[in-house]
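This briefing introduces a structure to a reader who has not met it before. Please view the sequence and the model together while reading the points that follow.

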Amino acid sequence: AAASVLAGVRRGESTSTGLARVPAELRPAAQALAYHALRHLGRAEALRKPLARRPPPPAADALLCTALALAWREEGAPYPAFTLVDQAVEAAKRAPETRAQQAFVNACLRRFLRERDALVAATDADPVARWNHPRWCIDRLRRDHPQHWEAILAANNAPAPMTLRVNVRRSSVDAVLARLQAAGIEAVPVGAQGLVLGRPLPVDAIPGFAEGLLSVQDAGAQLAAPLLLADRASPPQRILDACAAPGGKTAHLCELSDAEVLALDVDPARCERIHQNLERLGLRAQVRAADAAEPATWWDGQPFDAILLDAPCTASGIVRRHPDVRWLRRESDVTQLAQQQKRLLTALWPLLRPGGRLVYCTCSVFRAEGEEQVAAFLAHNSTALLRPGPGHLMPRNAAAGGGLLDNGSSDHDGFFYAVLQKSALDAPARPDA
């Protein structure tokens, strides 16, 4: 099942799509194995090359690389070597698409175990094998973050924790923490409304989740709503959350503010997810399926006091949480998505009232989607003022130390945040402008 998910990623589909085809009783284990394989796929593919003169059929290759990803480290391997070989061959035997290659899989894995040290050493010089990222991604990170690129790659290869956000409309961090501890669940506070669990759990096993006391949201993502609402002379009355699905930031805005919130997403199915999240949390917002970059189709002409633009991006900052992203993206996606981000910024800025605030954010660590995007926007918009904000946040694991601005966590995904304020002299546009 895990190998089938890996094969799907190679065809260009996400792990969530592949896992949806896996029987429910196998899905948690298949996800764990597939995520491990994706975090070590560069090494596994480099090891497979000397074991096979030419690539085997896709299904057999995915199975072989999954086993190699699990076996390449002698210390810390999730299963004993003999178990891996036995179960990989058994898996090949059971699946019609790999049955003819079971002897081949067996021979490759047994040879690998005999020659493991030499084969692994021979791949150490390959940066794709060492860092388990595509070469273009490694090269771009080295250019964008010459002092931190290795730390970013290392963080990407570690699993992310499960971080929760407390719905302060219904409870408090202290009350929820006490309830978790009473249930034997280890958790520590993070930031103003967050809790990091000692180990991930199914949401239905978390006390208070079904009651709407909690949401799952990374510590870095929990900065968006406070940045939009903080340090204001008067609370915003009218807020736009553009590109809002699945609704985590929309809900956070509603938890912290009494403002009228309009949440947009271009996909009606994703809008339904926003509705579901708000309903579970006991919150209300107006949700519309619309293209935020086409205001003439949805804007009523009334300016917004605040706009949150969580723009579509490469998701290069959440690779540790979604290990398939690194293998699904192409370098050309960076330019394409940067153009989409520019289009959204240009379309939404006129909708902000004079003196209002727009928070632009992406879950990307690439400068083209963050620092460079905002610099270009400021150069062409004399009414836009850059206010203090986090800028680029690098993905971090707790063990690596470090921290996050305005947040107590040292374990968070990678993000970019810019806080833009509109000059009080600017006049808002008309919806038909």
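Two strands are said to pair if DSSP finds at least two bridges between them. Strand β2 (residues 187–190) and strand β3 (residues 194–197) meet this condition, as four bridges join them in the antiparallel sense. The model described here is predicted, and the points below treat its two open sheets, a helix that lies across one of them, and a group of helices elsewhere in the chain.

**The four-stranded sheet**

- Four strands form an open sheet with antiparallel pairing, and their order is β2-β3-β1-β4.
- The edges are taken by β2 and β4 (214–216), each of which pairs on one side only.
- On average, neighbouring strands of this sheet are turned by 30° against each other, direction ignored.
- Within the pair formed by β2 and β3, A187 stands opposite L197 of β3.
- The hairpin of β2 and β3 has three residues between the strands, and G191 takes a positive phi near 60° there.
- Strand β1 (residues 163–166) runs antiparallel to β4 and is joined to it by three bridges.
- In β4, S215 is the residue that stands opposite R165.

**The seven-stranded sheet**

- A further open sheet contains seven strands in the order β7-β6-β5-β8-β9-β11-β10, and its pairing is mixed.
- Because β7 (286–289) and β10 (384–393) stand at the edges with a single partner strand each, one side of each is left without a neighbour in the sheet.
- The average turn between neighbouring strands of this sheet is 15°, direction ignored.
- Six bridges connect strand β9 (residues 352–362) and strand β11 (residues 415–422), which pair in the antiparallel sense.
- Y360 has A418 of β11 as its bridge partner.

**Helix α17 and residue Q341**

- Helix α17 (residues 331–348) lies across β5 (238–242), β8 (304–310), β9 and β11, and runs at about 165° to β9.
- Helix α17 includes Q341.
- The relative accessible area of Q341 is 0%, so this residue counts as buried, the cut-off being under 20%.
- The side chains of Q341 and E369 are joined by a polar contact of 3.0 Å.
- Leaving aside residues up to four places away in sequence, Q341 touches A311, P312, C313, Y360, T362, A368, E369 and Q373.
- Y360 therefore appears both as the bridge partner of A418 in β11 and among the residues that Q341 touches, where the term contact means heavy atoms within 4.5 Å.

**Helix α5 and its surroundings**

- Helix α5 (residues 58–71) has 14 residues and reaches 20 Å from its first C-alpha to its last, close to the 20 Å expected at 1.5 Å a residue.
- Since 12 of the 14 residues of α5 are buried, this helix is largely enclosed by the rest of the structure.
- The buried residues of α5 include A60, D61, L64, C65, T66 and L70.
- The buried residues of α5 pack against α1 (2–10), α3 (27–39), α4 (41–51), α6 (81–94), α7 (102–114) and α8 (116–123).

**The crossing of α7 and α8**

- Two packed helices are described by the angle between their axes and the distance between the axes.
- The axes of α7 and α8 cross at roughly 90° and come within 5 Å.
- The two helices α7 and α8 are therefore roughly perpendicular to each other.
- On the side of α7 the contact is made by F112, L113 and R114, and on the side of α8 by R116, L119 and V120.

Technical notes
Residues are numbered from 1 along each chain as its sequence is written. This is a predicted model: local features need pLDDT of at least 70, side-chain atom pairs count only at pLDDT 80 or more; totals for chains, interfaces and linings use all residues. Side-chain values use heavy atoms; hydrogens and water are left out. Axes are lines fitted to C-alpha atoms, for helices over the stretch in contact, and angles run from 0 to 180 degrees between N-to-C directions. The expected span of a helix is 1.5 Å times one less than its number of residues. Buried means under 20% relative accessible area, exposed over 50%, partly exposed in between (1.4 Å probe, protein chains only). A polar contact is a pair of N or O atoms within 3.5 Å; within protein, one must be able to donate a hydrogen and the other to accept it, and residues adjacent in sequence count only if both atoms are side-chain atoms. Angles under 35 degrees count as roughly parallel, over 145 as roughly antiparallel, 65 to 115 as roughly perpendicular and the rest as oblique.
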